[in-house]
Amino acid sequence: MNKIEYKVKKSFRKTLSLQVRNGEVIVKAPIFVFEATIKSFVNKHIDWIKSKLEQDKNKVIYTSTQILELKQKAKDYIIPKAKELSEKFWLKYNTIKITSAKTRWGSCTSKKCLNFSYRLILTTPKVIDYVIVHELAHLKHMNHSKKFWSEVEYMMPDYKECEKWLKKHWSLIW
Ligand SMILES: [Zn+2]
């Protein structure tokens, strides 16, 4: 087994927990705990840590200037595209915003406000279309019911490919 480097952060907590972020392994531990206990905890989760580190390797870290550029690009591309698709399918929204959301690529509120993560600009035009169509369908159905999915399918018959793509790649984007 090759050695994994990790940092230990001690605090008033009762259990051990693991975190892998930007290529760094952090163990959160109670103040009074044996070094050996931490070591065996890390060893027990070695496969999980390795897969997380592997994922992190493929991740690109952007500078704040690059992020501003991405946000602008996202605005310039996604907003007109959403307008176009909303007019095409007669689904009207009130406002539209580009957000920094990490875990959600888009959302639709009960007040018919659409939000899209700027990170979408790192995907493909097809995937962006899908996310827009998905949120537009929520203007009609505020759930993921059968009716909702048939609305999506009507607007984009091969949407399932995009759904799969997002599930597979989204965690690499943020
Ligand atoms: Zn949804």
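Buried means under 20% relative accessible area, exposed means over 50%, and partly exposed is what lies in between. The exercises below concern a predicted model.

**Exercise 1. Classify K126 as buried, partly exposed or exposed, and describe its surroundings.**

Solution.
Step 1. Place the residue: K126 belongs to helix 4.
Step 2. Apply the cut-offs. The relative accessibility of K126 is 34%, so K126 counts as partly exposed.
Step 3. List the contacts. When neighbours within four places in sequence are left aside, K126 is in contact with M156, D158 and C162.
Step 4. Add a distance. K126 and K164 are 38 residues apart along the chain, and their C-alpha atoms are separated by 12 Å.

**Exercise 2. Describe how helix 3 and helix 4 pack, and state which residues make the contact.**

Solution.
Step 1. Take the geometry. The two helices pack at an angle of about 55°, and their axes are 10 Å apart.
Step 2. Name the arrangement. Angles under 35 degrees count as roughly parallel and those from 65 to 115 as roughly perpendicular. Helix 3 is therefore oblique to helix 4.
Step 3. Give the handedness: the crossing of helix 3 and helix 4 is right-handed.
Step 4. Identify the residues. Helix 3 contributes Y77, I78, K81, A82, L85 and S86, while helix 4 contributes P125, I128, D129, I132, V133 and L136.
Step 5. Sort them by class. The contact of helix 3 with helix 4 has nine nonpolar residues, one polar residue and two charged residues.

**Exercise 3. Determine whether K81 is buried or exposed, and find its contacts.**

Solution.
Step 1. Locate K81 in helix 3, which spans residues 64-88.
Step 2. Compare its accessibility with the cut-off. K81 has a relative accessible area of 17%, so K81 is buried.
Step 3. Find its partners. Apart from neighbours within four places in sequence, K81 is in contact with D129 and I132. Both D129 and I132 are among the helix 4 residues that make the contact with helix 3.

**Exercise 4. Describe the crossing of helix 4 and helix 5 and its contact residues.**

Solution.
Step 1. Start from the axes. Those of helix 4 (residues 125-138) and helix 5 (residues 146-155) come within 9 Å and cross at roughly 135°.
Step 2. Classify the angle. Angles over 145 degrees count as roughly antiparallel. Helix 4 and helix 5 are therefore oblique to each other.
Step 3. Give the handedness: helix 4 and helix 5 cross in a right-handed sense.
Step 4. Identify the residues. On helix 4 they are Y130, V133, H134, L136, A137 and H138; on helix 5 they are F148, W149, E151, V152 and M155.
Step 5. Sort them by class. The contact of helix 4 with helix 5 comprises eight nonpolar residues, two polar residues and one charged residue.

**Exercise 5. State which residues coordinate the zinc ion, and assess the accessibility of H138 and H144.**

Solution.
Step 1. Name the donors. H134, H138 and H144 coordinate the zinc ion, each through NE2, at 2.0 to 2.1 Å.
Step 2. Read their spacing. Along the sequence, the donor residues follow the pattern H-x3-H-x5-H.
Step 3. Assess H138. Its relative accessible area is 9%, so H138 is buried.
Step 4. Assess H144. With 51% relative accessibility, H144 counts as exposed.
Step 5. Relate the site to the helices. H134 and H138 are among the helix 4 residues in contact with helix 5.

**Exercise 6. Locate H141, decide whether it is buried or exposed, and name the residues it touches.**

Solution.
Step 1. H141 lies in the loop that joins helix 4 and helix 5.
Step 2. H141 has a relative accessible area of 18%, so H141 is buried.
Step 3. Not counting residues up to four places away in sequence, H141 touches K147, F148 and E151.

**Exercise 7. State what is notable in the phi values of W90 and K112, and where these residues lie.**

Solution.
Step 1. Phi of W90 is near 55°, a positive value in a residue other than glycine.
Step 2. W90 occurs in the loop between helix 3 and strand 4 (95-99). At 78% relative accessibility, W90 counts as exposed.
Step 3. For K112, another residue other than glycine, phi is positive and near 65°.
Step 4. K112 sits in the loop between strand 5 (106-108) and strand 6 (113-117). K112 counts as partly exposed, at 33% relative accessibility.

Conventions. Residues numbered from 1 in each chain as written. Predicted model: local features only at pLDDT ≥ 70, side-chain atom pairs only at ≥ 80, totals over all residues. Heavy atoms only, no water. Axes fitted to C-alpha atoms, helices over the stretch in contact; angles between N-to-C directions. Left-handed = near helix turned anticlockwise from the far one by under 90°. Contact = heavy atoms within 4.5 Å. Nonpolar A, V, L, I, M, F, W, Y, C, P; charged D, E, K, R; others polar. Donors = N, O, S within 2.8 Å, 3.2 Å for Na, K, Ca; no water. Buried < 20%, exposed > 50% of the residue type's maximum accessible area, 1.4 Å probe, protein only.
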